[in-house]
Amino acid sequence: MKLASIQREWWKEGVVYQIYPRSFQDSNGDGVGDLRGIINRLDYIKDLGVDIIWLNPIYSSPNDDNGYDISDYRNIMAEFGDMADFEALLAGMHERGLKVVMDLVVNHCSDEHVWFQEAKQSRDNPYYDYFHWWPAEKGTPPRRWSYFDPEANAWRYNEATNSYYLHYFAIKQPDLNWENPKLRAEIYDMMHFWFKKGIDGFRMDVITFISKHDGYPEFEEKYQGQKMIDAYAQGPRLHEYLHEMNREVLQHYDIMTVAEGPGTHTDNVLNLVDADRQELNMNYHFDHQGIGVGDRFIVNDDFQNLVKFKQVMSDWDTALADKGWNTIYFGNHDFPRMVTRWASDAPEHRRIASKMLSTYLLTMRGTPYYYMGDELGMSNIKFDNIEDYKDIMTINWYNLTKEEGGDLEQFMESHKLCARDNARTPIHWDDSAHGGFTSGTPWIQVNPNYVEVNAAAQEQDPDSELHYFRTLNQVRKNNLTLVYGAYDLLLPEHTQVYAYTRTLDEDTILVLLNFSSDSVTLNIADLGGMNMQQAQVLLNNLTELNITEGQITLAPYQAVLMR
Ligand code: TEU
Ligand code: CA
């Protein structure tokens with residue numbers, strides 16, 4: 001890879017840090033994180049060395065799905081603050097050189113949005129066509145699966161109109177009708193509103209689902225899970241809409257866009273992110289998240305299958321090597337804590353393993369999307385009781401499993417590993433009550449390990465995960481090879497070590513990551529021919545490095561970068 005041939009962009013070189021505002025910092029003691037809380041922590045954020053902040057939805061919402069059910073796109077959720085707070089937050093970020101990316105949730109809105117309040121009244125209401133309806137005189141609608149409906153049925157009957165509305169997600173999240181040009185114009189107008197305020201981009205929630213199938217052909221009864229997701233993502237007019245959005249809105253600003261892309265795979269991703277098509281900049285996929293996780297997040301033996309993981313990530317790199325641009329992430333608000341999911345949260349491994357996973361995220365080709373709290377090595381809370389969960393998805397799936405007479409013990413065990421709430425517990429600022437997140441009662445329990453795992457303690461400890469993450473950000477910034485260099489996988493069949501090189505012009509960096517709790521010895525000859533006795537160690541998550549004649553031994557979860 002030659003630097004001269006690369007189209008450099010700030011959104012390729014930056015590291016994204018995701019903030020889930022509800023759980024970041026409460027400023028007024030109501031137990032819910034808020035915008036003032038984020039403002040109070042701006043220096044912490046800046047000191048991480050990240051570049052781009054993605055905020056989960058902060059718009060007005062009745063919070064059936066924690067803000068992904070929006071009742072007013074141009075206002076701030078009352079619990080989070082008001083527009084003046086938002087403007088102060090944006091200014092504070094920009095003063096510190098940080099870009100701000102907002103969530104754009106336009107596959108659906110809240111049933112409390114005025115559009116739906118109007119639409120549901122009669123078929124001749126002007127807003128009726130802002131949504132998708134199946135008239136009851138045509139009989140029962142063809143089966144469509146819903147993520148969060150208590151019966152998993154995506155159609156819900158509305159008496160006043162004698163028709164069913166479509167909702168891929170919760171009952172309170174009716175899907176918007178993109179077929180209607182008036183609706184599209186409203187959305188574009190709203191996007192201009194936020195860009196004119198100065199935001200720097202959008203992360204587009206389930207954007208691949210916005211185009212529905214004409215006439216709703218019958219799907220098989222068992223058309224659920226991944227099959228249904230892939231079908232949802234192949235609506236016939238998806239790319240027409242995104243191209244239109246690009247022409248109408250996106251091209252007018254220096255901003256970045258990233259699709260949340262369920263149903264996007266290596267064979268179709270370029271349709272979204274090939275710059276020549278003028279749609280979006282980036283997409284993030286779910287292919288690695290699905291390894292070892294089945295329907296309703298029941299886990300199987302492949303949960304930490306490293307060979308499969310390497311295969312998936314390498315295939316994605318190949319798909320985007322010449323065109324488009326990749327994204328790299330482990331955790332977000334929909335997935336478990338990375339250290340529990342991909343390594344080990346056992347007390348003897350958690351810290352080193354967290355550093356190893358951070359090393360991976362920041363040394364792959366693609367923009368890293370880093371989830372808040374991972375820099376502290378936060379781990380899953382692992383609730384024992386269903387009553388502890390707040391997430392509509394977990395609660396519905398539990399009830400469905402119960403009604404079917406399914407295995408509830410297996411469900412609870414799997415959800416200790418996979419439930420979304422594991423990533424939604426508050427950030428640990430210090431060892432005071434509730435980790436310093438709130439002076440009141442937190443909306444969801446704080447992980448009791450906050451007493452040891454917290455930002456204040458890590459600030460004092462030069463060896464901490466927090467300091468390591470800061471160093472990593474500097475190493476990435478100082479080495480464009482880690483941003484743009486070609487990626488070459490070594491030892492694809494090795495079940496414990498993930499090894500690869502990054503090469504830009506004459507520079508090669510070797511990355512060795514031990515994803516296992518054993519020490520592992522490798523033959524240097526198998527590692528791309530670097531002279532290890534003379535190599536410069538750029539980074540090591542341990543103090544020792546064991547190199548002998550012809551061999552290198554990695555300690556459990558060790559991560560090393562060499563040049
Ligand atoms: O997620 C969409 C989505 O596909 C998720 O349901 C995801 O697949 C699941 O959590 C894990 O398989 C987005 C948001 O990120 C999520 O928080 C919202 O609940 C959802 O859309 C609805 O807006
Ligand atoms: Ca609050």
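**Exercise 1.** Find the volume of the largest cavity and the residues that line it.

*Solution.* Start with the rule. On a 1 Å grid over the protein atoms alone, a cavity is a set of points where a 1.4 Å probe fits but cannot get out. Grid points join across faces, edges and corners, and the volume is the space filled by probe spheres set on them. The largest cavity has a volume of about 30 Å³. Next, take the lining, meaning residues with an atom within 4 Å of a point. These are Tyr20, Pro21, Arg22, Asn56, Pro57, Asn66, Met77 and Phe80.

This is a predicted model: local features need pLDDT of at least 70, side-chain atom pairs count only at pLDDT 80 or more, and totals for chains, interfaces and linings use all residues. Residues are numbered from 1 along each chain as its sequence is written, chains are lettered from A and ligands numbered from 1 in the order written, and side-chain values use heavy atoms, without hydrogens and water.

**Exercise 2.** Which residues come nearest to ligand 1?

*Solution.* Count a residue as near if one of its heavy atoms lies within 4 Å. Ligand 1 has 19 residues around it, and Asp65, His108, Asp205, His333 and Asp334 come nearest.

**Exercise 3.** List side-chain polar contacts (N or O pairs within 3.5 Å) of ligand 1, and say how much of ligand 1 the protein covers.

*Solution.* Take oxygen atoms of ligand 1. One is 2.4 Å from a side-chain N or O atom of Asp334. For His108, the distance is 2.9 Å. For Arg203, it is 3.0 Å. Now the cover: on its own, ligand 1 has 490 Å² of accessible area (Shrake-Rupley method, 1.4 Å probe). The protein covers 95% of it.

Technical notes: Polar contact = N/O pair within 3.5 Å; in protein donor to acceptor, adjacent residues only side chain to side chain. 1 Å grid on protein atoms, 1.4 Å probe; cavity = no way out; pocket = protein on both sides within 12 Å on 5 of 7 lines; lining within 4 Å.
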